[in-house]
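Biologist: Please take me on a close look at a single part of this model, and then on to whatever surrounds it.

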Amino acid sequence: MYKFSITTSQISHWGHKCILFLFLGMLFSFANLHARENKKVLVAYFSLRGGVTKQVAEEIHRKVGGDLFRIEPEVPYPSEYSDVVARAKEERNNNVYPKIKRKVPRFAAYDTIYLGIPIWFGQLPGVVKTFIAQHDFRGKVVVPFATSGKSSITKLMPHLTQMLPKSRLMEGILILKDEADTSAPRIHEWLRSLQPYRETSKKDS
């Protein structure tokens, strides 16, 4: 039979190795945690009267954290709905980019942008176009969420693809006006299973 013996020096040597590996593992874990904590999230949204889109934005913000930013036109929209429709159609037909009150401070620091959009006539509101045009979205992950009375998000996504060619666009979600109060479970599931947007996709989220 072979005799197996371990000397005190060997035990000490292995002990030092274990301590070293443990220290390196802790250092690596801390570095990963620090990197995750430095990933900045922004939830930016446009909401005409602070209604449905604001409600959905706040629900998403509760789940993902980060900063919340409301996109506002420099010249407010009229109080009468018919006047809002007239102005919105004029902006759409003439490709107007209305001025916004303010830009996001230190926008470059954000990695992921959740972008809240009320669908107007199947398209992006002019104010949202301005917001996109005035911020550098290159290299950022953009997660759209849309609200509407009856429109589909399917037509909206190609517009975002055109305006954000150098961003990583994710599949969006559509929350209908009548579903807003009960949308939390759907939003949770959507966030849990986010996928990159593919132009061949025909299904509304």
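Modeller: Happy to! The largest pocket has a volume of about 640 Å³, and that is where I would start. A pocket here is an open set of points on a 1 Å grid over the protein atoms alone, where a 1.4 Å probe fits and protein lies on both sides within 12 Å along at least five of seven lines; lining residues have an atom within 4 Å of a point. Grid points are joined across faces, edges and corners, and the volume is the space filled by probe spheres set on them. Its lining counts 21 residues, and those closest to the centre are Y81, P118, I119, W120 and G149.

Before going further, keep in mind that this is a predicted model: local features need pLDDT of at least 70 and side-chain atom pairs pLDDT 80 or more, while totals for chains, interfaces and linings use all residues. Residues are numbered from 1 along each chain as its sequence is written, and side-chain values use heavy atoms, without hydrogens or water.

Next, the elements around the pocket. Helix α2 (52-64), helix α3 (81-93) and strand β4 each supply at least two lining residues; helices are DSSP runs of H or I with at least four residues, strands are E runs of at least two, and both are numbered from the N terminus. The biggest share of the lining comes from α3, which gives 4 residues.

W120, one of the residues closest to the pocket centre, deserves a pause. At 14% relative accessibility, W120 is buried (under 20% relative accessible area; over 50% is exposed and in between is partly exposed, with a 1.4 Å probe and protein chains only). W120 also has an aromatic partner. Rings of Phe, Tyr and Trp (its six-membered ring) pair if their centres lie within 6.5 Å, and they are stacked with planes under 30 degrees apart, edge-to-face over 60 and tilted otherwise. The model holds 8 such pairs. In one of them, F46 meets W120 edge-to-face, with 5.6 Å between centres and 70° between planes. This pair brings distant parts of the chain together: F46 belongs to strand β1 (residues 40-46), whereas W120 sits in the loop between β3 (110-118) and α4 (126-133), 74 residues apart. F46 has a relative accessible area of 1%, so F46 counts as buried too.

The loop between β3 and α4 also holds F121. Although F121 is not a glycine, its phi is positive, near 55°. F121 has a relative accessible area of 37%, so F121 counts as partly exposed. N95 makes a nice companion: N95, in the loop between α3 and β3, is another residue other than glycine with a positive phi, about 50°. N95 is partly exposed as well, at 47% relative accessible area.

Now to strand β4, where T147 is placed. T147 is buried, at 5% relative accessibility. Setting aside residues up to four places away in sequence, T147 touches V52, T53, V56, I117, P118, I119, L174 and I175, where contact means heavy atoms within 4.5 Å. Among these partners, P118 and I119 are also listed with the residues closest to the pocket centre.

Stepping outward, α6 (184-192) has I187, W190 and L191 buried. These three cover an arc of only 95° around the axis, so they sit on the same side of α6; the arc is that of the directions from the helix axis to the C-beta atoms. The buried residues pack against α2, β3, β4 and β6 (173-176), so to speak of α6 is to return to α2 and β4 from the pocket lining. The face of α6 turned away from its buried side carries the exposed residues P185 and R192.

In the segment after α6 lies L194. L194 is in contact with Y114, V143, M170 and E171, again leaving out residues up to four places away in sequence. The C-alpha atoms of L194 and V143 are 8.7 Å apart, although 51 residues separate them along the chain.

Finally, helix α5 (residues 156-163) has buried residues L156, M157 and L160. Seen down the axis, they fall within an arc of 95°, so they line one face of α5. That buried set is covered by elements including β3, α4, β4 (141-148) and β5 (168-169).
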